[in-house]
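Reader: I am in my first year and would like a close look at a single part of this protein, the sheet, with a word on what lies beside it. Please explain each term as you go.

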Amino acid sequence: MFKTTLPYFDYMPAPQLNIVLVTPVWNDSERLEQFGLQLAQALVDSGLSVRWIVADDGSSVTEKTQLEALLVRFTRIYPKVELMLLEQRSRKGGTIYQAWNTCPEADLLAFVDADGAVDAASTICLLQRTCELGPNAGMIGIRSDSADATVQRSWSRAWSFYLFTCLVRRLIGIRFEDTQCGAKVVPGAAYRAIADQLQERGFVFDVELLLALEKYGSRIEELRIPWREMPGGKVHPLRDAWGMIAGLWRIRKRLKAGAYYTKSKKV
């Protein structure tokens, strides 16, 4: 288990791996604006080799126009950013996977949410720490209160997080502290090996992804990072609870059927 200590950029230079970072958006240009400008500058300062893809999940025409304008502003700071516009909605997981699938040579595949709940400095820290582990490992952010990684969220979100974590451990059996934090880095080769096993595209896609990687033999570390709840979030604990539970049952059913075991060489 790693523990984050500020400042984030005081590390030895990380190996130059080919990294793809996806930021999925859906009618989210307003929240992306501030975070995107901060992330663009953080990417410049990091010295990492990162291809940054803003992937739009079938937003409105107006939103797509706003994203195109934002892209111009982002590229003035960080040239290696591009916009992927999907015509039809494929949910968050589907959007991320479609973007990752366009990058067959990537050593590391990552995503970070557009709302800034995980800030730009923490995103870079996650990427740097994963580079130190090498191309065959991954790392996920975990929202856990500590002196150097504070978590700000409502009581309802905190309670739903606790219940969901218990369900994941009970039904699926993986022991990660936080499967749902919106910042993850996974090994590219391992993802490509298990991509055809991944069926979930909605809010529980993270659980299935981590399960499949674990079954494949990938090393996935956890990193405590600061997190704060942002207004305008897409997940509503009461409204989406039953859909997320149903997703866990689908994953459990496939797990029991052996869907996530592979005969491929482990990473």
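Reader: In what order do the strands of the open sheet stand, and is the pairing mixed?

Author: This is a predicted model, in which local features need pLDDT of at least 70 and side-chain atom pairs count only at pLDDT 80 or more, while totals for chains, interfaces and linings use all residues. Residues are numbered from 1 along each chain as its sequence is written, and side-chain values use heavy atoms, with hydrogens and water left out.

The open sheet has seven strands in the order β3-β2-β1-β4-β7-β5-β8, and their pairing is mixed; helices (H or I, at least four residues) and strands (E, at least two) are DSSP runs numbered from the N terminus, and two strands pair if DSSP finds at least two bridges between them. Because β3 (81–86) and β8 (219–225) each have a single partner strand, these edge strands are left with one side that has no neighbour in the sheet. On average, neighbouring strands of this sheet are turned by 20 degrees against each other, direction ignored, where axes are lines fitted to C-alpha atoms, for helices over the stretch in contact, and angles run from 0 to 180 degrees between N-to-C directions.

At the β3 edge, strand β2 (residues 50–57) runs parallel to β3 and is joined to β3 by six bridges, with W52 standing opposite V81 in β3. Helix α1 (residues 29–46) lies across β1 (19–25), β2 and β4 (108–112), and runs at about 165 degrees to β2; contact means heavy atoms within 4.5 Å.
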